[in-house]
Every structure is written in C-alpha cells, then in structure tokens.
Amino acid sequence: MRDAHPRERTVGMAWYASDAEGIGGRLREQPTDFRVEEVETVEAAPADSDVGDYAHLLVRATLHGWDTNDFAARLSDALGMSRERVSWAGTKDKHAVTTQLFSLQGVSADDVPDVNNADVEVVGRLGRALQFGDLAGNEFSIRVRDLACDTETARGRVAAVTDDLTALVDGTGERARVGVPNYFGHQRFGSRRPVTHVVGLHVVRGEWREAVLAYCGDPADTEPEATQDARAIVDEEAASDDPDWQRALDAMPGYLRYERSMLHRLAEGSGETEDVDEDARFRDALEAVPSNLQRLFVNAAQSYVFNRIVSERLERGLPLSHPVEGDVVCFADRSLDEDFAVPDTSREQRVTARRVDIMGKHCARGRAFVTAPLVGTETELGEGEPGDIEREVLAELSLSPADFSLPGAFDSTGTRRAVLVRTRLDATVDDEGATFDFALPKGSYATVVLREYLKTDPLEL
C-alpha cells in the first residue's frame with residue numbers, strides 16, 4: 001500500500017491499494033472528457049397515462065456542465081413549482097456530460113421547458129417520485145490529459161496498477177476485473193472545500209451553531225478571493241458578542257445561495273430576545289436549505305466514518321475481498337446484474353470462525369460482500385477485530401449509533417456498504433492521454449478507481 005495524498009487523508013482515505021506509480025494527469029479539461037450515464041432500473045408507463053394514477057412525469061436529461069441540484073432548481077423555477085417536486089436517482093457532477101432520469105410531480109409532457117445545455121426527453125409516467133438509488137449503477141468513459149510521464153511509461157504504469165488491483169479479485173471476461181477500496185470519493189465532502197462531513201459531524205453531536213459556521217465560514221485557500229473574504233466576515237461576526245448577520249449576508253456572493261439562505265435566517269432572527277434558544281435558532285438556519293442537502297450533511301459524516309473504518313482495516317492488513325471472523329457479510333441483491341450487484345442489507349450474515357471459509361467462497365463468486373457500517377440508529381457493529389475497528393473510530397469521533405436519532409431530514413437509521421468494489425475496466429493510452437471505460441454499481445465513485453491510476457492531488461480529479 002501507499003500513503004494517499006494529504007487532501008484525501010483529511011476525508012478518511014488513507015491509502016492506495018496499489019503500490020505502483022501513477023500516471024498523473026488531469027480530469028475534466030473539458031466537460032466531454034468525463035461522461036457518465038445511468039444504468040436505469042425503473043419502468044415507466046406511457047407518457048399519456050392517466051395523471052391520477054401516474055402523477056410523476058419521467059424525463060431523461062443529458063446535461064452539459066450542470067450540477068444535478070442546480071438543474072433541478074432550474075427546472076422547478078421554469079415550471080413555477082417547488083424544487084421538492086423534482087426528484088432524481090443519483091447526484092451527478094457539474095464538470096461532465098451526464099445522462100440521468102428526473103421525475104416531475106404534476107407536470108404534463110407538453111410543459112417540459114427548454115433548458116440551455118440540456119437535452120431533455122420524455123420517457124413516460126410513474127406512480128411515485130424517483131427515489132435516491134433508483135438505478136443499477138453508472139457507466140463511465142473518462143479521458144485523462146496532461147499525463148506526468150511519456151506514453152510508454154504511462155502504459156507500463158497503467159498495466160502495473162491493473163496487476164495490483166486484479167490481485168484483489170479474480171480476473172474474468174475480456175476486460176480486466178479490478179478491485180479497489182470502496183471509499184466515498186473526495187467530492188462527497190466538497191471537492192475544493194471538503195467540509196460537508198464536518199458540518200454533519202457537528203449535526204450528529206447536536207452542535208447546531210458549529211454546523212452552520214462550518215458551512216458558512218472557515219474560508220479555504222482553494223476558493224475564489226471574494227468567497228474567502230465573505231467567509232472571513234462570517235467568522236468575524238461569529239466571534240462578536242453581538243453578531244451582525246445582515247453584514248455577513250450582504251458580503252456573501254449570490255452564487256453561494258445555500259450559505260445565503262442560512263445567513264438570511266440568522267439575520268431575520270437577530271432582533272429576537274435573548275430568551276430564544278440559540279440551538280433552535282441555528283438549527284432553523286441549517287434547515288433553510290433543501291431537505292436533500294440536510295440529509296447530505298449527515299450522509300457525509302457517515303461516509304467519513306466509513307472511510308476511516310476501511311482505512312484502518314487496510315492498515316491492519318485485514319482483507320477487503322473476503323471476510324474474517326467477526327465481519328458482517330451481506331448477500332448480493334439478486335435483482336441486479338452481476339456487474340452492478342450491491343449488498344442486500346436485509347440479508348446479512350455475521351461471520352463466525354466456523355463460517356469464514358464458506359462465506360469467503362460466496363464473496364469470491366460475487367454472491368456476497370464484506371461490509372462496514374454507514375452508522376445510524378439501527379446499526380449493529382461487528383465483532384472481533386472488525387468490530388474493534390468500528391468502535392475505536394466512533395470513539396475517536398465521540399459518536400455512537402444512538403446519536404443519529406435526529407430531527408427531520410437529519411435522522412438516519414444507517415445501513416451497510418461493501419468495503420470493496422469490483423469492475424471490468426478498459427484502459428488505453430495514446431499520445432494525447434489515457435481513456436478509462438468502466439461501470440460501477442450505484443453509490444460507488446469513479447474517482448476511487450481513477451485515483452489508483454493517477455495518484456495525484458484530488459483537485460486534479
């Protein structure tokens with residue numbers, strides 16, 4: 001194993017699984033360098049179906065340079081309806097060409113608006129809104145430019161990384177089957193300013209004031225100067241005995257609309273009496289953002305804990321591809337194709353010494369997965385050394401499963417996630433760079449595959 005980049009270590013990603021040198025390079029020099037298309041699972045009724053039975057219009061959008069949340073907001077504005085009536089199955093990155101589904105509650109096919117840099121086609125109607133996870137996975141075609149080495153060296157390094165990663169799984173089929181730690185990618189936490197998990201950790205600990213200030217203040221040197229200046233003003237006011245939240249709001253650039261929403265709530269409440277509970281005031285400010293972002297804060301905290309657990313497992317030399325005594329293994333979701341199978345958390349098995357070998361065979365055949373918790377109120381931790389790791393990480397962060405019993409959208413019962421993700425991968429290197437084609441099950445990040453090949457600053461990813 002190799003030490004991960006320092007920026008990755010701040011979000012719990014401590015190691016590369018491959019010891020081989022990386023090729024360096026940059027992603028997303030242009031949006032067409034990063035293409036992702038959802039592997040769909042939902043079946044829609046015809047577009048002219050009865051709206052009473054099928055209240056949600058299903059559309060497929062190919063987006064050029066659109067963040068999923070921003071596109072949903074643009075759609076809802078154009079339709080004159082609440083953003084909460086727009087739903088999707090997976091969040092996609094802005095700096096890419098992405099194809100994904102959206103459901104629009106109470107919208108007819110004729111009302112779908114034209115949106116710049118988006119091709120939107122009507123698929124049909126659904127009797128319910130799309131839910132997060134209503135997809136099998138994503139297919140990627142990713143171009144890497146400005147490699148840090150010449151073409152022949154890059155080819156050798158790509159082959160060496162692939163050899164390291166195929167050692168974790170059995171290679172099958174025409175493409176190499178590789179395995180990588182199923183980390184949550186750096187962008188889960190904020191690519192240029194990874195604080196989403198920091199906000200979430202404060203939320204889970206009931207530190208509402210600290211959560212808002214972590215999100216609105218605390219400037220990062222990777223941000224534009226105007227943004228840094230505005231966040232510095234937030235910090236100044238937070239340190240004051242009589243904070244002027246209107247001043248902080250006025251300083252915050254318009255493109256930081258979620259920060260502005262929180263500060264607006266605080267400014268509105270500035271004239272209230274001192275009897276008003278401060279925790280309630282800051283919680284109200286945090287609830288000014290959409291419910292999916294509220295959930296994301298807690299999800300990011302869970303993701304950080306998961307990354308820490310996986311990293312500690314690697315450091316102790318525990319395998320990711322097969323279980324040891326004390327692990328919790330989940331069987332594969334039988335409804336999905338082998339390449340997109342994910343753990344069915346309703347079918348889990350605690351691994352005793354007597355069953356290590358048989359469960360290892362199930363994992364080798366792709367029928368089961370070694371898992372770690374995304375901690376929530378219903379989480380039952382592992383036993384043996386895997387359980388020791390989980391408990392130690394939580395203790396270091398002053399967390400327990402019960403802490404995730406939270407109000408509204410912040411509440412989480414938790415689930416489990418595979419610690420290893422497998423994929424068949426094609427990699428080609430030419431004089432212009434390298435191209436990687438692969439598919440991942442839902443919830444897994446393309447960057448956790450690419451980071452093994454590039455081994456560079458995550459900002460380049």
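## Aromatic clusters and pairs

Rings of Phe, Tyr and Trp (its six-membered ring) pair if their centres lie within 6.5 Å. In this predicted model, Trp66, Phe71, Trp88 and Phe102 form one aromatic cluster. The count of aromatic pairs comes to eleven.

One of the pairs joins Phe34 and Phe140. The ring centres of Phe34 and Phe140 are 6.2 Å apart and the planes meet at 80°, so the pair is edge-to-face. Phe34 belongs to strand E3 (residues 34–40) and Phe140 to strand E8 (residues 135–144); the pair links distant parts of the chain, 106 residues apart. Phe34 is buried, at 5% relative accessible area. Phe140 is buried too, at 9%.

Phe184 and Tyr445 make another pair. Their centres lie 6.0 Å apart with planes at 70°, so this pair is also edge-to-face. Phe184 sits in the loop between strand E9 (176–181) and H4, and Tyr445 in the loop between strand E15 (433–441) and helix H13 (446–454), so the pair ties together parts 261 residues apart in sequence. Phe184 is buried, with a relative accessible area of 4%. For Tyr445 the value is 14%, which also counts as buried.

## Charges over rings

Phe34 has a charged partner as well: Arg28 lies over its face, 3.9 Å from the ring centre. In a second case, the charged end of Arg9 sits over the ring of Trp15, 5.5 Å from the centre.

## An enclosed helix

Helix H4 (residues 196–204) is largely enclosed by the rest of the structure, because eight of its nine residues are buried. The buried residues are Thr196, His197, Val199, Gly200, Leu201, His202, Val203 and Val204. They pack against helix H5 (208–216), helix H9 (278–286) and H10. Gly206 follows H4 and has a positive phi, near 75°.

## Cavities

The whole structure holds two cavities of 30 Å³ or more. The largest has a volume of about 60 Å³. Its lining consists of Ile309, Val310, Arg313, Asp327, Thr371, Ala372, Pro386, Ile389, Glu390 and Val419. Helix H10 (291–315), strand E12 (368–374) and helix H12 (384–396) each supply at least two of the lining residues. By class, six are nonpolar, one is polar and three are charged.

The second largest cavity has a volume of about 30 Å³. Leu320, Ser321, Phe369, Val370, Ala418, Val419, Leu420 and Arg422 line it. E12 and strand E14 (420–430) are the elements that give two or more residues to this lining. Six of its residues are nonpolar, one is polar and one is charged. Val419 appears in the lining of both cavities.

Terms used: Residues numbered from 1 in each chain as written. Predicted model: local features only at pLDDT ≥ 70, side-chain atom pairs only at ≥ 80, totals over all residues. Heavy atoms only, no water. 1 Å grid on protein atoms, 1.4 Å probe; cavity = no way out; pocket = protein on both sides within 12 Å on 5 of 7 lines; lining within 4 Å. Points joined across faces, edges and corners; volume = space filled by probe spheres on them. Helix = DSSP H or I, 4+ residues; strand = E, 2+ residues; numbered from the N terminus. Nonpolar A, V, L, I, M, F, W, Y, C, P; charged D, E, K, R; others polar. Buried < 20%, exposed > 50% of the residue type's maximum accessible area, 1.4 Å probe, protein only. Contact = heavy atoms within 4.5 Å. Phe/Tyr/Trp six-rings, centres within 6.5 Å; stacked < 30°, edge-to-face > 60°. Lys NZ or Arg CZ within 6 Å of the ring centre and 35° of its normal.
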